[in-house]
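Please open the model in a viewer and keep the sequence panel at hand. The tour below proceeds from one selection to the next and describes what is found at each stop.

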Amino acid sequence: SGGADGLAQWVLLELQGEVEPRQSGGLAGSVLGDLHYTRQGIPVLIVGHHILYGKVVQLEKPFAVLVKEGAGESQPAGPHARYAVTALIKTKLLFKTRPKPIITNVPKKV
Amino acid sequence: AMRSRAEVDATLQTAKLNPAELLPTVHCLSFGPQAGAGECCLLQLEPGLCAELEAGRSLVIRGEKDEQAVLCSKDKTYDMKIADTSNMLLFIPGCKTPEQLNDNQASCNIIHSQIAGFSNNYWELRRCRPKLKKLRKLLMEDPYEGPDSQKDQTLTFSKYTTEDLLSLIQASEEEILHQLQVIDACKVEGYWRILEFDYEMKLLNHVTQLIESESWSLSKVPLCTCLEELGSLEPTEMIEHILLSYGRKYIDDGEVYFEMHEDKICRAIAQMLLQNAVKFNLSEFQEVWQQSVPEGMTARLDQLKGLALVDKSSRPETIFLLKVDNLPEDNQDRFNSLFSIREKWTEEDITPYIQDLCAEKQTVGALLTKYARSSTQNGVRVYNSRRPIS
């Protein structure tokens, strides 16, 4: 169900391929990268040694983000579990172009 | 430790990007603590559903273990299907778009955004017919035979409240409530019931006999008098229910009247006659039927669409009971069933038995094109099965 106070609006980031942690120990807490926008509104994502250029897309069919209720308790799997609508997504940042690798010489010390 | 502005600027320099060409605000994206847990999933919304959610209304996923899940809004039902994408979809709370950043010049220049989750698939929705056949099936488990019934009243396990039906039927609330009205269900002691056919005919008969003895017009049957005269024979709620089922309620000069549905009454009486044998001689049936309907009503074969079928190929012509309600709900199963009853159908004969399968904006013709093969017999177009029926 939706909340009466208004649902949060999230954004979708669509990337090619898979996301894998650089270090072992899983994804949680690890950095993905920096997201910039050009003055023309083009999203630019720096992930590891790659630069990705994308575009902002208004979704024709928005998404609802569903979260399983009672997470942690034993629940029936699949669609028969109970879900709550946490947020709506009306915009996505689509990165379709092949990532451009960043050629570095010597990493600049901060 | 969270990234600092200095680290961000260093990265920009290494990447040879010119900060002057960028908006001042950067989002530092990292994975939130629950990101990998898979507790979130995406549901693609059909038109109208987004607005419903924003208005605070609920969507419900319904389905037992052996059923394909459907999603229900207040008044519509959708099939759910997983769509895979070769891309990775990450969902990010609090991430701003360029427009939002431009609107807010005073915003700070680092936003630390935590990715809440990611997926390479999402639920897709497709509007479907509500799965309502189960509704009649549940209510037929224990049809109501009236207060004098000999049945054991302590067996209540087969009775359903509105809440029960909402959790068991794969349809929206509005679709369910509408269907309850269509099948003339009524509430008895808080439970939805369908009347057992003989009891229903008994009630109808009380009313039609009273109409005749009072010489009322069929379009002006007074509720009050019916309740007075028949209240000693049957519960008043049942008398009112039968009037509502077989008539149109209206108010004239402050009094409640019913305009009786000639077609529906004749149809019910036909069912009563036809259910007693496998088939009938058509002309004999028509004679008995006309004699059985109330005075002033005309029994016509077109009143029996979806209830009975005439066999024009037999000599003499015959008629037999075939209720669309008793046929399968699934499209292919329905056609298989119809073609096993009769090999070739005219469009006129088959239409009442497939009309309910039409999706929104789908025609009977489209269904026939998909599920049947047509040919011409004696100058008439007929339809038969696409595949051999055993």
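How close do the axes of helix H7 and helix H10 of chain B come, and at what angle do they cross? This is a predicted model, and the first selection in it is residues 197–214 of chain B for H7(B), together with residues 262–274 of chain B for H10(B). The two axes come within 11 Å and cross at roughly 130°. The helices are therefore oblique to each other, and H7(B) passes H10(B) in a left-handed crossing. To see the contact itself, display the side chains of B:Phe197, B:Met201 and B:Leu204 on H7(B), and those of B:Ile265, B:Ala268, B:Gln271 and B:Met272 on H10(B). By class, these residues comprise 6 nonpolar and 1 polar, with no charged residue.

**The sheet E16-E18-E17**

Select next the open sheet of chain B, whose 3 strands follow the order E16-E18-E17 with antiparallel pairing. Strand E16 (345–346) and strand E17 (372–377) of chain B each have a single partner strand and stand at the edges, so one side of each lacks a neighbour in the sheet. Between E17(B) and strand E18 (residues 380–385) of chain B, the antiparallel pairing extends over 6 bridges. A convenient marker is B:Ser374, which stands opposite B:Tyr383 in E18(B). Then add residues 331–341 of chain B: this is helix H12, which lies across E16, E17 and E18 of chain B and runs at about 115° to E18(B).

**Where the two chains meet**

Display both chains and select residues 40–44 of chain B, which form strand E2. Is this strand enclosed or open to the outside? Because 5 of its 5 residues are buried, E2(B) is largely enclosed by the rest of the structure. In a regular strand, side chains alternate between the two faces of the sheet. Here, B:Cys40, B:Leu42 and B:Gln44 point one way, while B:Cys41 and B:Leu43 point the other, and all are buried. Now bring in strand E5 (residues 55–68) of chain A, which runs antiparallel to E2(B) and is joined to it by 5 bridges. Within this pairing, A:Val67 has B:Cys40 as its bridge partner.

Move to helix H1 (residues 5–14) of chain B, in which B:Val8, B:Ala10 and B:Leu12 are buried. Which strands do the buried residues of H1(B) pack against? From chain A they meet strand E2 (31–37) and strand E3 (43–47), and from chain B strand E1 (26–31) and strand E6 (110–115). Just after H1(B), B:Lys16 takes a positive phi of about 60°.

**Backbone features in the loops**

Most residues other than glycine have a negative phi, and most peptide bonds are trans. The last selections are therefore of interest for their backbone angles.

- B:Asp184, in the loop between helix H6 (173–182) and strand E8 (186–188) of chain B, has a positive phi of about 55° although it is not a glycine. Its relative accessibility of 15% places it among buried residues.
- B:Lys361, in the loop between helix H13 (347–354) and helix H14 (364–371) of chain B, has a positive phi near 65°. At 83% relative accessibility, B:Lys361 counts as exposed.
- B:Pro316, in the loop between strand E14 (308–311) and strand E15 (318–321) of chain B, is joined to B:Arg315 by a cis peptide bond with omega of about 0°.

Methods: Residues numbered from 1 in each chain as written. Chains lettered and ligands numbered in written order. Predicted model: local features only at pLDDT ≥ 70, side-chain atom pairs only at ≥ 80, totals over all residues. Heavy atoms only, no water. Pairing = 2+ DSSP bridges. Helix = DSSP H or I, 4+ residues; strand = E, 2+ residues; numbered from the N terminus. Contact = heavy atoms within 4.5 Å. Axes fitted to C-alpha atoms, helices over the stretch in contact; angles between N-to-C directions. Buried < 20%, exposed > 50% of the residue type's maximum accessible area, 1.4 Å probe, protein only. Parallel < 35°, antiparallel > 145°, perpendicular 65-115°, else oblique. Left-handed = near helix turned anticlockwise from the far one by under 90°. Nonpolar A, V, L, I, M, F, W, Y, C, P; charged D, E, K, R; others polar.
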